[in-house]
Amino acid sequence: MKTRSACSVLAVLAASCVSGSSPTPAFAAEARRPNIVFIFSDDHAYQAISAYNDSRRLLETPNIDRLGREGIRFDRCVVPNSICGPSRASVLTGKYSHKNGFYNNTNSRFDGSQTTFPKLLRASGYQTAIVGKWHLVSEPTGFDDWRILPGQGIYYNPPMIHNGKREQHQGYTTDLITDFSLDWLKGRDKSKPFLLMCQHKAPHREWAPALRHLGHDGDRRYPEPPTLFDDYAGRGKAEHDQDMTIAATMGDQDLKLTPPPYLNSEQRKAWDAYYEPRNATFRAAKLEGRDLVRWKYQRYMHDYLGCLKAVDESVGRVLKYLDDEGLAENTIVVYSADQGFYLGEHGWFDKRWIFEESLRAPLLVRWPGVAQAGVASAKLVSNIDFAETFLEAAGLPVPAEMQGRSLLPLLKSQTPADWRTSFYYEYYEYPVPHHVRPHYGVVTDRYKLVHFYTPDVNYWELFDLKEDPRELRSVHDEPAYAQVVADLKKEVVHLRDQLQVPAEPPREAYGR
Ligand code: SGN
Ligand code: CA
């Protein structure tokens, strides 16, 4: 229940926690408040988690899958704005981009004075830390300890910023983020509950795997998605006009035809030993047309999935630590990513669209004794719900300004009768980097209504996921769907009103 304004919640909690050493009466039984380990990767497509049973079976992820076996797998966790920073801002604030002010990755800056769930947990006596990818421009607030990658971060030998101080590290970034996360856990004050946000850079573009994972697939030939050569017929100009295809947009560094600049000489040797002979074969073959796209797709999959091998190992190391320390029972472990990602569907990589592969993030939640084990939920949930879920789990009131809903009843398989059946989506960043036109729309179990509205391109589309799960044909203008269109247009208006979406986004929402 949303009871008080954010400010008053913070004020009450801060006032009751000033002494620091002795717990407040309300939270005297600290041992019973659950710890929270939030593992968040960047651009991890659900298609690349074996627990999600994608028909291509691209990768085995035994450690992430364990969370699904011992907890809940959410099959329709959608994001409000499918790119990195905006998604992270929504996780922290429980609010849409138009409310937290972080719209895009080109000119937004997170206002760290806002209420966030880590701040509220911390004020109530939790120890809080974030390690890894942050990507919100301003410095983190609400954490006792933060160690982040500057900007996007790099895959090897990354600089990091530790509580404001720049450090230089050697090694593979996913491993380092895991090491620092475990170090923090080991050094924490064991009398307090904790929140650890372990946030990977991987498997973000340019998909550079750990050296030990080069060749992880034994030169396997990956199944292609049925829409690898999509011609975008049945959809409008926005879909035709994007700049995110494997065919045209992927560059030499993405494809490892040129090595990344950040490797040291020893790393470079191992890198070249894997890529050089394969690149030579590729160059000699002088591939063109579809054969070239096919080669790029295979290289992309080797690299993207290779990155995920290390992410899955990281999850394994964290779970082992919780097991070894006897913490697993009283710790909520969440695995999710900032959005979905295209693995060749529609010929694409990247994200941004309201369409399924980019809209849906993976979400697995384990909370022994509370969350049902081995259950899959098809309910419409969102990362906008995370903040409220964690606050409720910690026994804290939820600020009225938050726009999600706690997932606690769903974890217990007690879905409230009035659980949401529609979700509002809005994407802004345009025209760079991928020329995906701004759009907003509404998503339900079965339908998706979307409006592209730039002056040069202005049209609505409707997709019927039951008849057309791959979203290849807009049925917006088909008479048989007139009633659905009318109902969903009403629903968009209703949701925009409820969420207080301004009639027009501010100019800066689109970025540069
Ligand atoms: C960022 C974006 C990617 C995008 C590149 C474009 N990630 O890394 O989606 O491909 O920029 O690079 S995000 O974290 O901002 O969402 S560029 O070289 O084409 O400009
Ligand atoms: Ca991302």
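**Note on the ligand sites and loop geometry**

1. Ligand 1 is surrounded by Ile-83, Cys-84, Asn-105, His-135, Gln-152, His-204, Arg-205, Asp-350, Lys-351, Arg-352, Pro-433 and His-434, where a residue is near a molecule if one of its heavy atoms lies within 4 Å of it. The model is predicted, so local features need pLDDT of at least 70 and side-chain atom pairs count only at pLDDT 80 or more, while totals for chains, interfaces and linings use all residues. Residues are numbered from 1 along each chain as its sequence is written, ligands are numbered from 1 in the order in which they are written, and side-chain values use heavy atoms, without hydrogens and water.

2. Oxygen atoms of ligand 1 have polar side-chain atoms of Arg-205 at 2.6 Å, of Arg-352 at 3.0 Å and of His-434 at 2.6 Å, each a polar contact (a pair of N or O atoms within 3.5 Å).

3. The calcium ion, ligand 2, is coordinated at 2.2 to 2.8 Å by oxygens of Asp-42, Asp-43, Asp-338 and Gln-339; donors are N, O and S atoms within 2.8 Å of the metal, or 3.2 Å for Na, K and Ca, and the site may look incomplete because water is not among the atoms. Both Asp-42 and Asp-43 are buried (under 20% relative accessible area, 1.4 Å probe, protein chains only).

4. Two peptide bonds deserve a look, since both are cis: Tyr-430 to Pro-431, with omega near 5°, and Val-432 to Pro-433, with omega about 0°.

Notes
A polar contact is a pair of N or O atoms within 3.5 Å; within protein, one must be able to donate a hydrogen and the other to accept it, and residues adjacent in sequence count only if both atoms are side-chain atoms. Buried means under 20% relative accessible area, exposed over 50%, partly exposed in between (1.4 Å probe, protein chains only).
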